[in-house]
Amino acid sequence: MILIKSLKKLIQRFKRNETPTEKYIQWGMKVGKNFHRQAGCTMDDSHCWLITIGDNVTFSQNVHLIAHDASTTMIYNDSSRNIKDRYCKIGQITIGNNVFIGYGSIVLCNVSIGDNVIIGAGSVVTHDIPSNSIACGNPAKVVSNWEDFTKKIYN
């Protein structure tokens, strides 16, 4: 039964053309215990060695971690449109323990997400998010703290 479930998961990943978490780990990404990701999540293949994920972390569908920014690759010389300089920004992404990242969120380079954090669906995380926070939006901003959020949920 366990073998059948494992084969089904493997077939689904191949159909979706997804890179398995184990492959990212082989390429240098650090992942803690109990990491779960749903379909469509991608980590930066070319820079996954800059990504660290803590314990008890869950990614909803279509979460993207991007550890580089190549938007600055071509800076043109105004007079001749010749490429003046080539520059690519890279930076670490650190995700703490007990973190949930919502559907379709994007985490950019040079970002640290603390422990006990929820990132709302569709958020773009461009700056550090402190521990014990709830953040959402584009760019993501802290909208609540962990304690207040859990009180609302359980009451």
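Visitor: What makes the largest nonpolar core of 27 residues a nonpolar core?

Guide: In this predicted model, the largest nonpolar core has 27 residues, and Ile51, Ile53, Phe59, Leu65, Ile95, Ile101 and Ile113 are those with the most contacts inside it. A nonpolar core is a set of buried residues of kinds such as Ile, Leu and Phe, joined through side-chain atoms within 4.5 Å, and buried means under 20% relative accessible area, so Ile53, as a member of this core, meets that condition.

Visitor: Which strands each supply at least two residues of this core?

Guide: Strands E4, E5 (57-59), E11, E12 (99-101), E14 and E15 (117-119) each do so.

Visitor: How do you know that strand E4 and strand E11 pair?

Guide: Two strands pair if DSSP finds at least two bridges between them; E4 (residues 51-53) and E11 (residues 93-95) have three bridges, in the parallel sense, and therefore they count as paired. Within this pairing, Ile95 in E11 is the bridge partner of Ile53, and Ile53 also touches Ile95, along with others including Phe59 and Leu65.

Visitor: Why are strand E1 and strand E14 called edge strands?

Guide: The open sheet of four strands runs in the order E1-E4-E11-E14, with parallel pairing. Strands E1 (30-31) and E14 (111-113) each pair on one side only, and they are the edge strands.

Visitor: How do you know that strand E17 and strand E18 pair, and in which sense?

Guide: The requirement is at least two bridges, and E17 (residues 133-136) and E18 (residues 141-145) have four, in the antiparallel sense, so they pair. Ile134 stands opposite Ser144 in E18. These two strands form a hairpin with four residues between them, and Gly137 in the turn has a positive phi of about 110 degrees.

Methods:
Residues are numbered from 1 along each chain as its sequence is written. This is a predicted model: local features need pLDDT of at least 70, side-chain atom pairs count only at pLDDT 80 or more; totals for chains, interfaces and linings use all residues. Side-chain values use heavy atoms; hydrogens and water are left out. Buried means under 20% relative accessible area, exposed over 50%, partly exposed in between (1.4 Å probe, protein chains only). Contact means heavy atoms within 4.5 Å. Lists of a residue's contacts leave out its neighbours within four places in sequence.
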